[in-house]
Amino acid sequence: MDRIVILLAVAAGATGMAMRAVEPMLPALAGEFGVTIPVAAYIITVFAAGYTVGQFLFGPLGDRFGKLRVVTGTLIASSLLFFASSLSGDLVTLGLWRVALGLTTSASFVLGLGGLWLLGLQLKLIPIGGMTTRFGSFNERISKGRKREA
């Protein structure tokens, strides 16, 4: 059981990293697609919209098909969507991939941490979840630091 708890907590932490991954890249994305930074930032908004819808969608799906099965499937889908978004040729296509990515990454948080919380395993999750959140924040700071140095 401890292995599943750790894996689901790390998956939930990856949700935060997926959400924040593009923020340090906004100036580069704006330059690449020939738009201003505020226009390029819409990809953050569309990710959040997909993430919000996914939370309502994956709760019932997890109850019907099993939480672990749905989380596993959506993590695989998220990996493929990350790859697909890296191949985007324009900002609209990137935005569409980010909506789908937000939708799929929400499942690991809702079903992973939420489901385990209901099982009374929250005391095991708090340090692991905090660790993965701190790693995402640390990773973001490193990325921004590298951008400033370049």
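**Cores and helix H2 in a predicted model**

Trainee: Which residues make up the largest nonpolar core?
Mentor: This is a predicted model. The largest nonpolar core has 8 residues. They are Val22, Leu26, Leu29, Ala30, Ala40, Ile43, Leu91 and Leu94.

Trainee: Which helix supplies the largest share of this core?
Mentor: Helix H2 (26-33) and helix H6 (91-118) each supply at least two residues of the core. The largest share is 3 residues. That share comes from H2.

Trainee: Which residues does Ala30 touch, leaving out those up to four places away in sequence?
Mentor: Ala30 belongs to the largest nonpolar core. One of its contacts, Ala40, is in that core too. The full list is Val35, Thr36, Ile37 and Ala40.

Trainee: Within what arc do the buried residues of H2 fall, seen down its axis?
Mentor: Leu26, Leu29 and Ala30 are buried in H2. They line one face of the helix, because seen down the axis of H2 its buried residues fall within an arc of 100°.

Trainee: Which residues are exposed on the other side of H2?
Mentor: The buried residues of H2 include Leu26. On the other side, the exposed residues are Gly31 and Glu32.

Trainee: What phi does Gly34 take?
Mentor: Gly34 comes just after H2. Its phi is positive. The value is about 70°.

Trainee: Is Ser88 buried or exposed?
Mentor: Ser88 lies in the loop between helix H5 (67-86) and H6. It touches residues including Phe33 and Trp97. Its relative accessible area is 14%, and the cut-off for buried is under 20%. So Ser88 is buried.

Key
Residues are numbered from 1 along each chain as its sequence is written. This is a predicted model: local features need pLDDT of at least 70, side-chain atom pairs count only at pLDDT 80 or more; totals for chains, interfaces and linings use all residues. Side-chain values use heavy atoms; hydrogens and water are left out. A nonpolar core is a set of buried Ala, Val, Leu, Ile, Met, Phe, Trp, Tyr and Cys residues joined through side-chain atoms within 4.5 Å. Buried means under 20% relative accessible area, exposed over 50%, partly exposed in between (1.4 Å probe, protein chains only). Helices (H or I, at least four residues) and strands (E, at least two) are DSSP runs, numbered from the N terminus. Contact means heavy atoms within 4.5 Å. The arc is that of the directions from the helix axis to the C-beta atoms.
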